[in-house]
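Work through the exercises below with the sequence and the model side by side. Try each task before reading its solution.

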Amino acid sequence: MEAIEALTSRVSGSKLVEPAPNELELHSLLSAATRAPDHGRLRPWRFIVLRGDALRRLGDLMADTYRRRDPEATPAQLDKERGKPLRAPLIVVVAAKVNVQSHIPAIEQILSAGAAAENMMVGAFALGYGCAWKTGDAAYDPDIKTALGLAPTDAIVGFMYLGTNATPPEPAPTVDIDEFVREWPA
Ligand SMILES: Cc1cc2nc3c(=O)[nH]c(=O)nc-3n(C[C@H](O)[C@H](O)[C@H](O)COP(=O)(O)O)c2cc1C
């Protein structure tokens, strides 16, 4: 698929099933991700690949941390949280390892990780896979960061759910770009 076609027609995956991108395809997606613009070449991005039992472990962790944040959580809420990572055969956690000593502001390091996540997402779409970018409270939970080997100052920018769309996704909605763009000075 042409780059501009992928960029202008990308939509999120919804129900994602096997097959996930294979090793070669995943390598391409990670290569695309690591071409994200990156102020100061700090290379702040980190990618944590989870599949199979690791997805179940993440689900357990998400349920445990949910309960810690909300001790009143019902079993149904905890089950829902536990099941979240099982909604795709592959998750790539995209994080920014923020260098707090650097003169490059943390926001720019986090933005670079966001750009890496977007490169991965558009790349997956161009290869014919579905990808959904998820965060939720789990992305900001210090215990989740620790369990994934990240520091409290690091930022999880997304849990990238990857797989094959069970049904073809709806086409992208049209956007009137004039609503968002203006010349300056007017
Ligand atoms: C930083 C970020 C976090 C997101 N987190 C969630 C999330 O936790 N749950 C969710 O349903 N959608 C989340 N989304 C939105 C979806 O990934 C998706 O972009 C949105 O539903 C619009 O669909 P589209 O990408 O097909 O236009 C997030 C998007 C971004 C950029």
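A residue counts as buried if 20 or more other C-beta atoms lie within 10 Å of its own, as exposed if 12 or fewer do, and as partly exposed in between. Keep in mind that this is a predicted model.

**Exercise 1. Two arginines in a loop**

Task: Locate arginine 41 and arginine 43, then decide whether each is buried, partly exposed or exposed.

Solution.
- Step 1. Find the place. Arginine 41 sits in the loop between α2 and β2. Arginine 43 lies in the loop between α2 and β2 as well.
- Step 2. Count neighbours. Arginine 43 has 14 C-beta neighbours inside 10 Å, so it is partly exposed. Arginine 41 has 8 other C-beta atoms within 10 Å, so it is exposed.
- Step 3. Check the backbone. Arginine 41 has a positive phi, near 45°, and is not a glycine. For arginine 43, also a residue other than glycine, phi is positive and near 50°.

**Exercise 2. Cis peptide bonds**

Task: What is omega for the bond between glutamate 18 and proline 19, and for the one from tryptophan 184 to proline 185?

Solution.
- Step 1. Glutamate 18 and proline 19 are joined by a cis peptide bond, with omega about 0°. Proline 19 belongs to the loop between β1 (16-17) and α2.
- Step 2. The bond from tryptophan 184 to proline 185 is cis too, and its omega is near -5°. Proline 185 falls in the segment after β5.

**Exercise 3. Methionine 62 and its helix**

Task: Is methionine 62 buried or exposed, and what is it in contact with?

Solution.
- Step 1. Methionine 62 is part of helix α3 (residues 53-69). That helix has 17 residues and spans 24 Å from first C-alpha to last, close to the 24 Å expected at 1.5 Å a residue.
- Step 2. Methionine 62 has 25 C-beta neighbours inside 10 Å, so it counts as buried. The buried residues of α3 are Leu55, Leu58, Leu61, Met62, Ala63 and Tyr66.
- Step 3. Set aside neighbours within four places in sequence. Methionine 62 is then in contact with Glu81, Arg82, Lys84, Pro85 and Ala138.
- Step 4. Look along the chain. Aspartate 137 is 75 residues from methionine 62, yet their C-alpha atoms are 9.2 Å apart.
- Step 5. Ask what covers the helix. The cover over the buried residues of α3 includes β2, α4 (75-83), β3 and α6 (142-147).

**Exercise 4. How α2 meets α5**

Task: At what angle do the axes of α2 and α5 cross, and which residues make the contact?

Solution.
- Step 1. Two packed helices are described by the angle and the distance between their axes.
- Step 2. The axes of α2 (residues 23-33) and α5 (residues 106-126) come within 7 Å and cross at roughly 140°. The two helices are therefore oblique to each other. The crossing of α2 past α5 is right-handed.
- Step 3. On α2, the contact uses Ser28, Leu29, Ala32 and Ala33; on α5, it uses Ala116, Asn119, Met120, Gly123 and Ala124.
- Step 4. Sort these contact residues: six are nonpolar, three are polar and none is charged.
- Step 5. Widen the view. Buried residues of α5 include Gln109, Ser112, Glu118 and Phe125. The buried residues of α5 pack against α1 (3-9), α2, β2 (45-51), β3 (90-96), β4 (130-134) and β5 (155-165).
- Step 6. Move past the helix end. Glycine 128, just after α5, has a positive phi of about 95°.

Notes. Residues are numbered from 1 along each chain as its sequence is written. This is a predicted model: local features need pLDDT of at least 70, side-chain atom pairs count only at pLDDT 80 or more; totals for chains, interfaces and linings use all residues. Axes are lines fitted to C-alpha atoms, for helices over the stretch in contact, and angles run from 0 to 180 degrees between N-to-C directions. Helices (H or I, at least four residues) and strands (E, at least two) are DSSP runs, numbered from the N terminus. Angles under 35 degrees count as roughly parallel, over 145 as roughly antiparallel, 65 to 115 as roughly perpendicular and the rest as oblique. A crossing is left-handed if the near helix is turned anticlockwise from the far one by less than a right angle, and right-handed if clockwise. Two residues are in contact if their C-beta atoms, placed from the backbone, lie within 7 Å. Ala, Val, Leu, Ile, Met, Phe, Trp, Tyr, Cys and Pro count as nonpolar, Asp, Glu, Lys and Arg as charged, and the others, Gly among them, as polar. The expected span of a helix is 1.5 Å times one less than its number of residues.
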